[in-house]
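Please work through the following exercises with the sequence and the coordinates at hand. Each task is followed by a solution in steps.

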Amino acid sequence: KRLELNVGYSHQRRGELALKEKLGMAGFSFGVGLNFPKFNLHYGRNVYNLAGTNNEIGINFKMKEMFGLGKSAIGDW
């Protein structure tokens with residue numbers, strides 16, 4: 001319930017960005033997420049080619065749980 005693991009693959013990205021001499025991990029993406037009662041924390045890594053990758057960090061706050069704000073449109077989860 002608290003840990004999320006993600007793996008993705010883009011065939012188009014691999015075909016367009018991989019180097020012919022050495023493919024490496026081009027086109028693959030990996031991520032992990034931690035779910036807490038009041039917020040979620042996520043990290044992701046996208047591999048474009050041997051020359052570069054993209055790292056992303058995200059924090060999502062659950063405003064209702066943290067501050068008691070708003071109403072859920074689809075009910076309480």
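The exercises below treat confidence, fold, sheet pairing, one residue of the sheet and the aromatic side chains.

**Exercise 1. Confidence**

Task: State what kind of model this is, and determine which element of the chain has the lowest mean pLDDT and which the highest.

Solution.
Step 1. The model is predicted.
Step 2. Over the chain, pLDDT averages 85, and 88% of the residues score at least 70.
Step 3. Among the elements, helix H2 (residues 63-67) has the lowest mean, 75, whereas S2 has the highest, 95.
Step 4. Where pLDDT is low, predicted coordinates should not be read in detail.

**Exercise 2. Secondary structure and surface**

Task: Give the order of the elements from the N terminus on, and describe the accessible surface of the chain.

Solution.
Step 1. The chain contains two helices and four strands.
Step 2. Read from the N terminus, the elements follow the order β-α-β-β-β-α.
Step 3. The accessible surface is about 6300 Å², and carbon and sulfur atoms contribute 60% of that area.
Step 4. Of the 77 residues in the chain, 16% are buried.
Step 5. Among contacts with a separation of 6 or more, 30% link residues that are 24 or more positions apart.

**Exercise 3. The sheet**

Task: Establish the strand order of the sheet, and explain why S1 and S4 are each left with one side lacking a neighbour.

Solution.
Step 1. The four strands form an open sheet in the order S1-S2-S3-S4, and their pairing is antiparallel.
Step 2. Strand S1 (3-9) and S4 are at the edges; each has a single partner strand, so one side of each has no neighbour in the sheet.
Step 3. From one strand to the next, the twist averages 10 degrees.
Step 4. Seven bridges pair S1 with S2 in the antiparallel sense; in this pairing, Tyr9 has Phe28 of S2 as its bridge partner.
Step 5. S2 and S3 are likewise antiparallel and are joined by seven bridges. These two strands form a hairpin with three residues between them.
Step 6. Ten bridges connect the antiparallel strands S3 and S4, and the hairpin that joins S3 to S4 passes through two residues.

**Exercise 4. Following His42 and Asn40 across the sheet**

Task: Identify which residue of S4 is the bridge partner of His42 and which is that of Asn40.

Solution.
Step 1. Towards S2, His42 of S3 stands opposite Gly33.
Step 2. Towards S4, the bridge partner of His42 is Gly58.
Step 3. For Asn40, the bridge partner in S4 is Asn60.

**Exercise 5. The environment of Asn35**

Task: Decide whether Asn35 is buried or exposed, and list its contacts beyond four places in sequence.

Solution.
Step 1. Asn35 belongs to strand S2 (residues 28-35).
Step 2. The relative accessible area of Asn35 is 16%; the cut-off for a buried residue is under 20%, so Asn35 counts as buried.
Step 3. Apart from neighbours within four places in sequence, Asn35 contacts Lys1, Arg2, Glu4, Asn40 and His42.
Step 4. Two of these contacts, Asn40 and His42, recur from the previous exercise, where Asn40 was paired with Asn60 and His42 with Gly58.

**Exercise 6. The aromatic side chains**

Task: Characterise the aromatic pair formed by Phe39 and Phe61, and explain why this pair ties together parts of the chain that are apart in sequence.

Solution.
Step 1. The structure has three aromatic pairs. In the pair of Phe39 and Phe61, the ring centres are 6.3 Å apart and the planes make an angle of 45 degrees, which is a tilted arrangement.
Step 2. Phe39 lies in strand S3 (residues 39-49) and Phe61 in strand S4 (residues 52-61), so the pair links parts 22 residues apart in sequence.
Step 3. From C-alpha to C-alpha, Phe61 and Phe39 are 4.3 Å apart in space.
Step 4. Phe36, Phe39 and Phe61 together form one aromatic cluster.
Step 5. Phe39 is partly exposed at 30% relative accessibility; Phe61, with a relative accessible area of 48%, is also partly exposed.
Step 6. Not counting residues up to four places away in sequence, Phe61 touches Lys38, Phe39 and Met66.

Note on methods. Residues numbered from 1 in each chain as written. Predicted model: local features only at pLDDT ≥ 70, side-chain atom pairs only at ≥ 80, totals over all residues. Heavy atoms only, no water. Buried < 20%, exposed > 50% of the residue type's maximum accessible area, 1.4 Å probe, protein only. Contact = heavy atoms within 4.5 Å. Areas by Shrake-Rupley, 256 points an atom, 1.4 Å probe, with all protein chains shown as cover. Phe/Tyr/Trp six-rings, centres within 6.5 Å; stacked < 30°, edge-to-face > 60°. Pairing = 2+ DSSP bridges. Axes fitted to C-alpha atoms, helices over the stretch in contact; angles between N-to-C directions. pLDDT = per-residue confidence, 0-100.
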